[in-house]
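Welcome, and pull up a chair. In this dialogue a learner asks how to read a structure, and a teacher answers step by step.

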Amino acid sequence: MSKPENQPTLMDSLKESIKEEHARMEASPFIAALTNGALPLESYVGQLRAMAVIHGTLEHELAQLPSGNIKTLLLDKPSRLVHLRKDLTIFDPMLIKDIEGSLEHTRKMAERIRRYRVGQPAALIGIIYLLQGMTLGNAVHLPDVLKAFGDKTGGIAYYYNGYGDKTAEYWQEFCCDINAIPMDKDGCNRITQVTLDFIGLLEALLSSLYPLENATMIFTAGMLNPEAGDHPIPANAAEIEAAVTAARRCREEFPYFDERYRERGRSFATSDAAWLATLADLPGAQLFSQVDWLGRLLANRGMPRITLERQLELLHECMVAALPAKRDHCKGLLEASESLKKERLRRIPEPAFTDLAQEFYLATDGELQGRFNGTGKMIVSALCDQAAGISEAVTSLLPWLTDAERFSPQWISAVTKTLEMARENLKSD
């Protein structure tokens, strides 16, 4: 479809359509406070969390589209979500509360993206245009961010740094790519309206993040993991800190998590641990039911239930250490861990389980000198999980552990042999 000579390019149309709104955003109290060094840390972190939800939703929805021009507008560039996760990881230990008013604006934008992907995918072009354009605006404010918050981040601001020295080059590529998409006048008008609507939502988000005089600050799952959704976490800072510590210790015992799932895995491990902490309030049967649901979900995604078993033990330990008076209150977490352990050992008894894990450890140079500690236990546990009816427990784990680009033939042989020997020791019902 060719464009009439007197019709402006899509880029020109979008730029012209939001000129007033863009100027208004640049003059907003949020940007003024950032420029003047008066923006509270809570507002800055709140923006990063909101943008993580928006970019995470957009990248997920674009990945659902068939291959084509719209999909590659964003997904062929380095992930902005990864940049945001790296920024937010720095602030995780501070347990900065969320600004309640910003959460609804963020949800609206995420829902708008999901709806467009299903009903009119071309509308996502306007949203991608706005978010890619922000890489240029952020570059202008990068010095302001570093001056205001650099002492807390070690002089790092991944999101505001955009694509670094590639930012201008990528923007020019983006301009060419977007103008190359066949678009008639009606299609251009629809995308223009979407862009106007979405920049209005972005403006409302900034208004909710600053000023904070009347803001309500709350603990949410999103403060631990912007992609976690709206599930319960403790209202007590000490319990949240205990959950964060337990999640970190569990990841350290099973480094596979960080090796395979990176920043996203760390975020979900933390928010899952915080959710598990809230289960201590439930009666035993309900607690066990929720743990069983999570264990099966994770095991089907490459995380054998022995890791959840250990997570519950560590969570109990950390919560009791932080809140000794709640020892009895937390005992259900330990009982749930013991229930998982009992089911595991019913499939492969303790002596055989330990021997299999130890043989793998020895065959892999101490699980490659500690880099993959606990992998032998995970392999044997995955088979136990499969025997317990978790259909993808082995198949979700094995391909990663036997990837020839990642591991040596000796390692892969040890994985295969351990799984075969575990099958020989498996007890039938």
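## Reading the model together

Q: Where do the charges sit, and how many side chains of each sign does the chain have?

A: A good habit is to count both signs and then compare where their centres fall. The chain carries 47 positive and 58 negative side chains, and the centres of the two sets are 2 Å apart.

Q: Before I go further, what kind of model is this, and what is its mean pLDDT?

A: This is a predicted model, so confidence comes before detail: where pLDDT is low, the predicted coordinates should not be read in detail. Here the chain has a mean pLDDT of 94, and 98% of its residues reach 70 or more. Confidence is lowest in helix H5 (residues 69–75), with a mean of 89, and highest in helix H19 (residues 375–387), at 98.

Q: What does the secondary structure of the chain come to?

A: Start with the elements, then look at the overall dimensions. The chain comes to 21 helices and 2 strands. Its C-alpha atoms fill a box of roughly 80 × 50 × 40 Å along the principal axes.

Q: How do I read the inside and the surface: what share of the residues is buried?

A: Look at burial and exposed area side by side. Of the 429 residues in the chain, 51% are buried. The chain exposes about 19,800 Å², and carbon and sulfur atoms supply 51% of that area.

Q: Which share of the contacts joins residues 24 or more positions apart?

A: Here you ask how far along the sequence the partners of a contact lie. Among contacts in the chain with a separation of 6 or more, 78% are between residues 24 or more positions apart.

Q: Could we try one residue? Is Thr418 buried or exposed?

A: Find the element, then the accessibility, then the neighbours. Thr418 is in helix H21, which spans residues 409–425. Thr418 counts as buried because its relative accessible area is 6%, and the cut-off for buried is under 20%. Its side chain reaches the backbone oxygen of Ala414 at 2.8 Å. Setting aside neighbours within four places in sequence, Thr418 is in contact with Leu356, Phe360, Ile379 and Val380.

Q: Which residues is Thr375 in contact with, leaving aside its neighbours within four places in sequence?

A: Use the same steps. Thr375 belongs to helix H19. Thr375 is buried, with a relative accessible area of 0%. Its contacts, leaving aside neighbours within four places, are Phe360, Glu367, Leu401 and Trp411. Phe360 therefore appears in the contact list of Thr375 as well as in that of Thr418, whose relative accessible area is 6%.

Q: What about a residue in a loop: where is Leu323 found?

A: For a loop, name the elements on either side. Leu323 is in the loop between helix H15 (305–322) and helix H16 (327–347). Leu323 is buried, at 16% relative accessible area. Not counting residues up to four places away in sequence, Leu323 touches Ala238 and Glu239. The C-alpha atoms of Leu323 and Ala242 are 9.0 Å apart, while the two residues are 81 apart along the chain.

Q: How do I read Arg115, and how far is it from Glu61 in space?

A: Put the distance in sequence beside the distance in space. Arg115 is in helix H7 (residues 100–119) and is partly exposed, with a relative accessible area of 46%. Arg115 and Glu61 are 54 residues apart in sequence and 9.6 Å apart in space, C-alpha to C-alpha.

Q: Which residues have a positive phi without being glycine?

A: Look at the backbone angle, then at the surroundings. Leu95 has phi near 50 degrees, and Leu95 lies in the loop between helix H6 (80–91) and strand S1 (98–99). Leu95 counts as buried, at 12% relative accessibility. Asp365 has a positive phi of about 55 degrees and lies in helix H18 (residues 365–369). Asp365 is partly exposed, at 45%.

Q: And the peptide bond from Tyr210 to Pro211: is it cis or trans?

A: Check omega for this one. The bond from Tyr210 to Pro211 is cis, with omega near 0 degrees. Pro211 is in the loop between helix H10 (185–209) and strand S2 (217–218).

Notes: Residues numbered from 1 in each chain as written. Heavy atoms only, no water. Helix = DSSP H or I, 4+ residues; strand = E, 2+ residues; numbered from the N terminus. Buried < 20%, exposed > 50% of the residue type's maximum accessible area, 1.4 Å probe, protein only. Contact = heavy atoms within 4.5 Å. Areas by Shrake-Rupley, 256 points an atom, 1.4 Å probe, with all protein chains shown as cover. Lys, Arg positive; Asp, Glu negative; His and termini not counted. Charge placed at Lys NZ, Arg CZ, Asp CG, Glu CD. Polar contact = N/O pair within 3.5 Å; in protein donor to acceptor, adjacent residues only side chain to side chain. pLDDT = per-residue confidence, 0-100.
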